[in-house]
Each structure stands twice: as structure tokens, then as C-alpha cells.
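Could you walk me through this model in the viewer, one selection at a time? Tell me what to click on next and what I should find there.

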Amino acid sequence: MNPQDMASTLEEIESNEFAVRLGVASNFRTFLRAAQQEEAVWRVLRELYSQGGRLVLSQILQRVLELSNEQVDFRYENPWDTALTVYLWLLSLKDSEAAETAASAVSRALNCWWATKIARSVLLREQLQNDAGMTLVDVPSPRQKPSTGRWLSNASDLVLAVSLPGIRPSGKLRIGSHKPSVSSPSPPRVEWFLGRLDYRIGYKTEQSSVVTA
Amino acid sequence: MTGVLIGAGSPADRASIPLATRRGTFIPNERRLEWPPAKMRASIDQWKVRFPHARLRSATAQYNCMGLIFASRRTWVETDHLKMILGEDGYHQVKDPPDANIGDIVVYRAGDGDASHVGIIIHIEPVIGRTPGDVYVLSKWGQEGEYIHLLDEVPSLLGKPAEFWSDRKVYL
């Protein structure tokens, strides 16, 4: 595929018409199923696995970085949510390092939805399962007990090794916490950090939990 | 600051609202932002061509088909939670119309059996010589419009009508 054809294929994936066809999905599986039925997605997929695949990969990655940095109207969902999700999914099929770089950018984009979900999957779950031998589960409400695992009762400054785009291999997912006082039966307060310590993108709650696999 | 939220849709997520089954189990949910107007307009135009008989009732991205039926249009609930909700809300499966009736729920399934969409029966139009007649459904198409449409008149991605469920209690 020549560069012009590729540009036009990417333009199609970023179009409103494309987003509308996928926008009727009510869960992520349906969304991905829809993406797989799109001719434009197949064209990109074929190119990704062709001889010039590296070039296509870098084109998509570049596009993700550009779209993630676009100014969007804060009142509305990110207009490129669908395209970013599809790009991130395509990258994750071909190259995990590129996918991580893209996911990191997407996680900073304003008002994404499906894209945020797939970025979370790329950045957190897979990495933790593959690299750190641990599994992150959704943080339960303070009123709920975790269904599996245990409270980390002594999670002070626990650092899990996670490779992060651009700062590999020194990137860390850091779970900072305060040690519970001896008299306190409550689980520790956990804060989530991703990347550099001054770059908190996560989630902070009183008495939330980390559950080990 | 944006980022990757852990626990999206859980009670700790600020985008969720308190929502539970009759039995009291929390239903994970998230309120979504509206689509940009141009994108929503594209949706309305696109589906109008494809389904000229489907009647648009409302166009908003804030809730989906599950949110329409189980959360009074307040929030987005993924179809992954359908089985739990039907079980805990006292629904039972009924046969096709005419056993299924107005107010009952139709579950659409994709080729792999995945529950991909739900709608609510709002009208059954008798047709001479054909049972059950024309079944009209109210359903929300993902982030897009809420439509009144014939039973089969949905985007193919949403699957085919597969089951009917009712919470009607009949005392004889």
C-alpha cells in the first residue's frame, strides 16, 4: 500500500462514519468484533504483517501520539476515542513496546472511553501479569471485601517492576502506602503511581486495596 | 489530570451512581460524556438511511441499552452484567410473543452467543394471518440514538433477538 492509500485508510478509521458503526457496541467484546469486521482495519492489519510492517507500525504510533495531543472540547467525549482504541488494539497485536508507548499517550488524552480501557489493559494488567507475577484487580469499595487475595497489610513503598514506554527499563509502577498503625485494623491507604513519581495518573482512595494473585 | 482509572464503574468511581439489583448487589456502571454534536448528527443520518422505519426518540451518549432498561436512562451498564441483573431482579424467560408481552425484555445475542443488546417491548401490532404480528421495541443503540423499531430492525452488530424475559408476576 502506498503512503497515500495508508493515509486515506487511517482517515477512514478516524471518520465519524466509522465511529458510528462501532458506536452501537455496549461492551468491549462487541466493539472489537465490530472493528474486526471493518475493511479498513483489515487493510491496516495486512500491512502491519507485510514486509513494510515496521513503517506502518510507526505511522500508526505517530498518529496515536498526534491524536492524543489534540485539543478536545472538555464537555464531550474525545472525538477520536474509536480511532485511538482501534490503533491501540492493532499495535498491541503486533508490538507490545509500541502498544505501551501508545497506551501511555492515550492515558493522557482527555475524555476517552474505550481507548482508556484498552490502555489500562496494556499498561497495567498485562504488564503486571507478565512482568511482575502479580495481578491487579479492580479496587473494591471500602465497604466490600476483596473476593480473592488478601489485604496488603504492609505495602509500604512496594515497587513493582513494570516496563514503561520511553523510560524503560527504569520505569516503575509504584504503589506508595502508609503503614497502618499497629492499633489500626484497617487496610493501608494506597496510592497509585505510574511512571515517574511526580506523574500520578492513577487513583487514590481511603482504605482501598491491592490484591495479590 | 487524566489517566488510567483502576476500579472503573465500581462504587468508588465518581462516574458511577448507586445502582443495585432488587437483591441489593451493586451494578457496575459509568455515566458517559456526550458525543460531539457533529458525530451524533452523523449517527442519526447514517442510521436513518439504513433503517428508515426506526423512529428516533432521543440521541444521547450518556446511557446504553442496559442503562435505559435497568437504570432509568441515568448511566451506562455493560451487557456483561445482564445475567446477574435478570437473576437478581426476578426475571424469568418466556417464549416468543404472544407469550412475551408489552414491558418484557428482548435479549439480542451475537453469533458467539454473547448478549450484545437488550430492548423492551412497547407494542405488538396484530397482523392478520401472522403470529405474533409486528413487535415494536424501544432500545438504545450503544452511545447513539434511542429508537422505536421493529424487533429485527437493529444494526447487525447488535445481534439477533434470541430470548424474551419478563418480571411479570401473575396471580391466578
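Here is a tour of a predicted model, going through chain A and then chain B.

**Stop 1: chain A as a whole**

Color chain A by secondary structure. You should find eight helices and four strands. Walking from the N terminus, the order is α-α-α-α-α-α-α-α-β-β-β-β. Chain A has 213 residues, and buried ones make up 40% of them. Among its contacts with a separation of 6 or more, 56% are between residues 24 or more positions apart.

**Stop 2: helix α5 of chain A**

Select residues 53-68 of chain A, which is helix α5. Put a distance between its end C-alpha atoms and you get 22 Å, which agrees with the 22 Å expected because its 16 residues are counted at 1.5 Å a residue. Now show side chains for Val56(A), Ile60(A), Leu61(A), Arg63(A), Val64(A), Leu67(A) and Ser68(A), the buried residues of this helix. Turn the view to look down the axis of α5(A): these buried residues fall within an arc of 160 degrees, so they line one face of the helix. On the other side, pick out Ser58(A), Gln62(A) and Glu66(A), which are exposed.

What covers the buried residues of α5(A)? Bring up α1 (3-13), α4 (39-48), α6 (81-94) and α7 (96-106) of chain A; the cover includes these helices.

**Stop 3: the nonpolar core**

Stay with Val64(A). It is one of the residues with the most contacts inside the largest nonpolar core, which has 76 residues. Others in that group include Leu84(A), Tyr87(A), Leu88(A) and Ala102(A). Helix α6(A) supplies the largest share of this core, eight residues.

Click on Leu88(A) next. Beyond its neighbours within four places in sequence, Leu88(A) is in contact with residues including Val64(A), Ala99(A), Ala103(A), Val106(A), Ile118(A) and Val122(A). Apart from this core lies another one, of five residues, with Trp35(B), Met40(B), Ala59(B) and Ala61(B) among them.

**Stop 4: the sheet of chain B**

Move over to chain B and show it as a cartoon. Seven strands form an open sheet in the order β1-β6-β5-β4-β3-β7-β2, with antiparallel pairing. Find β1 (55-59) and β2 (92-94) at the edges: each has a single partner strand, so one side of each is left without a neighbour in the sheet. Neighbouring strands are turned by 35 degrees against each other on average, direction ignored.

Now step through the strands:

- Select β3 (residues 105-109) and β4 (residues 115-127) of chain B, which pair over five bridges. Val106(B) has Gly119(B) in β4(B) as its bridge partner.
- Add β5 (residues 130-140) of chain B, which pairs with β4(B) over six bridges. Ile121(B) is bridged to Val137(B) in β5(B).
- Add β6 (residues 145-150) of chain B, joined to β5(B) over five bridges. Here Val137(B) stands opposite His149(B).

Zoom in on the turns. The hairpin of β4(B) and β5(B) has two residues between the strands, and Gly129(B) takes a positive phi near 80 degrees. In the hairpin of β5(B) and β6(B), with four residues between the strands, Gly142(B) has a positive phi near 55 degrees.

**Stop 5: Lys83 of chain B**

Finish at Lys83(B), in helix α3 (residues 82-88) of chain B. Is Lys83(B) buried or exposed? It is exposed, because 11 other C-beta atoms lie within 10 Å and the cut-off for exposed is 12 or fewer. Draw a line from its C-alpha atom to that of Ala115(B): the two are 32 residues apart along the chain and separated by 8.9 Å.

Definitions and conventions:
Residues are numbered from 1 along each chain as its sequence is written. Chains are lettered from A and ligands numbered from 1 in the order in which they are written. This is a predicted model: local features need pLDDT of at least 70, side-chain atom pairs count only at pLDDT 80 or more; totals for chains, interfaces and linings use all residues. The expected span of a helix is 1.5 Å times one less than its number of residues. A residue is buried if 20 or more other C-beta atoms lie within 10 Å of its own, exposed if 12 or fewer, and partly exposed in between; C-beta atoms are placed from the backbone. The arc is that of the directions from the helix axis to the C-beta atoms. Two residues are in contact if their C-beta atoms, placed from the backbone, lie within 7 Å. A nonpolar core is a set of buried Ala, Val, Leu, Ile, Met, Phe, Trp, Tyr and Cys residues joined through C-beta atoms within 7 Å. Two strands pair if DSSP finds at least two bridges between them. Axes are lines fitted to C-alpha atoms, for helices over the stretch in contact, and angles run from 0 to 180 degrees between N-to-C directions.
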